[in-house]
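Me: I have a structure open and would like to learn how to read its helices. Could you walk me through it?

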Amino acid sequence: MSYEEVIFYFVAALTVLGALGVVLARNVVHCALFLILALLAVAGVFILLSAEFLAIVQVLIYGGAVTILILFAMMLTRVRDMPSAAGGLDGPQRPFAALAAGAFLGLSILAAVSTEWPGETEEITLVPFRDLGESLFRNWAAPFEIASLVLLVALIGAIILARGEEGE
């Protein structure tokens with residue numbers, strides 16, 4: 001086993017542990033912190049794949065900005081004051097959620113096992129930054145702007161909800 005594989009398995013374990021922490025933690029702030037761990041570990045996988053640009057984007061956009069936006073939205077909406085925040089895991093939807101999760105896990109395993117993966121390759125496909133930038137700003141500019149507007153609307157909605165509660 002090479003050192004790259006050891007690092008990959010370590011980073012993959014961090015990703016899985018962070019994702020499990022997001023799902024299983026009862027405190028929403030802890031969930032957000034586990035989300036940061038999972039997203040930063042995914043950036044580590046990008047580094048192992050020699051995709052440094054994607055790793056930087058992962059850290060700056062997802063690990064930083066989106067997670068901070070989630071934390072601010074949680075603080076502004078006073079999630080702790082909600083009565084369903086503590087007992088939200090024991091509802092009537094729990095068996096359906098377990099069934100959906102099991103089906104997704106089974107399909108994921110089936111897809112991974114039935115896919116013909118390429119063997120060891122010595123070639124690394126390098127994509128020039130110029131081509132990547134042109135693709136991002138020509139083909140994918142509108143989806144990025146739409147996503148930023150959705151996040152902005154969510155933050156404004158959280159602020160409006162928080163201000164409306166102060167006057168009550």
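Reply: Happy to; we will take helix 1, helix 2 and one glutamine in turn. This is a predicted model, in which local features need pLDDT of at least 70, side-chain atom pairs count only at pLDDT 80 or more, and totals for chains, interfaces and linings use all residues. Residues are numbered from 1 along each chain as its sequence is written, and side-chain values use heavy atoms, leaving out hydrogens and water.

Me: What span should helix 1 have?

Reply: Helices are DSSP runs (H or I, at least four residues), numbered from the N terminus. The expected span is 1.5 Å times one less than the number of residues. For the 22 residues of helix 1 (residues 3-24) that gives 32 Å, and the end C-alpha atoms are 31 Å apart, which agrees.

Me: Which residues of helix 1 are buried?

Reply: Buried means under 20% relative accessible area and exposed over 50%, with partly exposed in between (1.4 Å probe, protein chains only). In helix 1, Val11, Thr15, Gly18 and Gly21 are buried. Viewed down the helix axis, they fall within an arc of 125° (taken from the directions from the axis to the C-beta atoms), so they line one face of helix 1. Leu17, Val23 and Leu24 are exposed on the other side.

Me: Is glutamine 58 buried or exposed?

Reply: Glutamine 58 sits in helix 3 (residues 52-77) and counts as buried because its relative accessibility is 8%. A polar contact is a pair of N or O atoms within 3.5 Å; within protein, one must be able to donate a hydrogen and the other to accept it, and residues adjacent in sequence count only if both atoms are side-chain atoms. Here the glutamine 58 side chain reaches the backbone oxygen of leucine 39 at 3.3 Å.

Definitions and conventions: Helix = DSSP H or I, 4+ residues; strand = E, 2+ residues; numbered from the N terminus.
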